[in-house]
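Colleague: I am new to this structure and should be grateful for a close look at a single part of it. Please set that part within its surroundings and explain each term as it arises.

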Amino acid sequence: MATGGEQVVTCPVDDGAYISGKVPVMCFPCKQRKKTTAAAAMCSTCDIKLCNECCRGHKMFTHGHEIAPLGDDVKDVLINIKGLDICRDHDQVIRLFCKEHDSLCCDDCLLESHRNCINNVCKLKDMEADANCSLSRSIEDVQMAICAARNMIDDCDMKVQGNDERRNGIMHEIDRRKAEIIKRINDETKRIGENLDEHISSERTRLDDVKHEAKAVEENLQKLTSLYELVSKDGTDNIKFILHIRCKQDTTLATSTLNNLQKHNYTVPHTIEWNSNLCSIMNEQLLSVRQIPYIANIEYTNDDDHVGRTICISLPV
């Protein structure tokens with residue numbers, strides 16, 4: 001503790017202003033302006049410590065005050081508590097403690113939230129006797145909470161890595177199945193192509209035969225039409241009659257031949273049919289990913305024989 005009325009142990013200190021966690025006593029006016037300047041002198045009249053600059057100003061505006069350099073034997077050291085002594089709601093120095101609510105208080109906290117706790121509110125210095133015996137237990141609780149937080153962090157990292165691995169596994173499985181499907185489609189394509197080639201080759205041979213016979217019929221009838229022009233002009237009645245009978249006979253024969261050829265002059269149409277179930281699945285949703293919910297169990301257990309709370313996190317194996 002510092003000498004005089006100033007509670008220097010509550011002074012927030014910048015990390016760069018101390019060595020090995022300790023700093024000299026701070027200048028009180030600078031502290032009021034939220035600056036951290038080491039004190040060099042002390043005004044016994046005002047009971048405040050001053051830096052060199054504030055000391056010069058103090059001398060200018062005061063007369064008869066006893067100001068003396070701050071010797072090494074009276075210099076206090078401060079531990080940087082990084083603003084823990086500042087009220088988080090009101091940005092004021094904490095000076096009180098409410099036993100009923102187990103809460104640190106500044107002056108505004110007392111007025112706003114602890115008016116009815118006046119019999120249970122005491123100054124921080126009155127709690128110093130309990131500080132040493134309680135701090136070690138509180139630190140154990142802090143360490144347990146830190147351990148639980150680290151477990152949670154490790155668990156999150158593990159799950160992120162697991163999600164990446166599962167994602168890669170799923171994509172690999174999709175690629176594998178896709179390759180299988182493509183292979184089957186290629187195999188079926190090859191098989192169907194070979195069957196079509198064989199059928200088309202057979203059909204080409206058969207249709208060539210039909211075409212050849214039909215062409216023979218056409219050529220024979222063309223001879224009759226070419227004779228008709230000559231006979232109708234210069235032929236005798238006897239020749240005309242013979243041509244007439246030949247036309248009837250050859251036309252009847254040609255008609256019969258063509259009708260017979262027509263019965264076989266067809267080609268089986270080819271088309272491709274897709275599995276209706278597969279098409280339905282592809283139209284709706286070919287693939288789906290199932291999400292498995294995961295909940296970590298976090299428990300806070302009160303222990304009457306131990307100050308603070310025990311934090312337990314249940315993680316999956």
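Modeller: The account below begins with the whole, passes through the sheets, and ends with the helix chosen for the close look. This is a predicted model, in which local features need pLDDT of at least 70 and side-chain atom pairs count only at pLDDT 80 or more, while totals for chains, interfaces and linings use all residues. Residues are numbered from 1 along each chain as its sequence is written, and side-chain values use heavy atoms, with hydrogens and water left out.

The protein has 6 helices and 10 strands (DSSP runs numbered from the N terminus: helices are H or I of at least four residues, strands E of at least two). Of its 317 residues, 18% are buried (under 20% relative accessible area; exposed is over 50%, and partly exposed lies in between, with a 1.4 Å probe and protein chains only). The protein exposes about 24,500 Å², of which carbon and sulfur atoms supply 54% (areas by the Shrake-Rupley method with a 1.4 Å probe; for residues, only the protein chains shown count as cover).

Two sheets come before the helix. In one of them, 3 strands in the order 3-2-4 form an open, antiparallel sheet (strands pair if DSSP finds at least two bridges between them). Its edges are strand 3 (48-50) and strand 4 (67-69), each pairing on one side only. Strand 2, residues 41-43, joins strand 3 over 3 bridges, and Ala41 stands opposite Leu50. The loop between strand 2 and strand 3 contains Asp47, whose phi is near 60°, a positive value in a residue other than glycine. The other sheet is also open and antiparallel, with 3 strands in the order 7-6-8. Strand 7 (103-105) and strand 8 (121-123) are its edge strands. Strand 6, residues 96-98, pairs with strand 8 over 3 bridges, and Cys98 has Val121 as its bridge partner there.

The close look now turns to helix 4, which covers residues 128-234 and includes Val142. Together with Leu135, Ile139 and Ile146, Val142 makes a nonpolar surface patch of about 310 Å² (patch residues have over 30% relative accessible area and no salt bridge; like charges are joined within 9 Å, nonpolar side chains, namely Val, Leu, Ile, Met, Phe, Trp and Tyr, within 5 Å). Val142 itself has a relative accessible area of 41%, so it is classed as partly exposed.

Charged pairs also appear on this helix. The structure holds 8 salt bridges (a side-chain nitrogen of Lys or Arg within 4 Å of a carboxyl oxygen of Asp or Glu). One of them links Arg177 to Glu173, with the closest N and O atoms 2.9 Å apart. These two residues both lie in helix 4, 4 residues apart, about one turn of the helix. Arg177 is partly exposed at 45%, and Glu173 is partly exposed at 30%. A spacing of 4 residues within helix 4 also separates Asp187 and Lys183, whose salt bridge brings N and O to 3.0 Å. Asp187 counts as partly exposed at 39%. Glu188 and Arg191 meet in a salt bridge of 2.8 Å, N to O, and they lie 3 residues apart in helix 4. Glu188 is partly exposed at 39% relative accessibility, and Arg191 is partly exposed at 39%. Salt bridges with shared partners also join Glu173, Arg176, Arg177 and Glu180 into one network.
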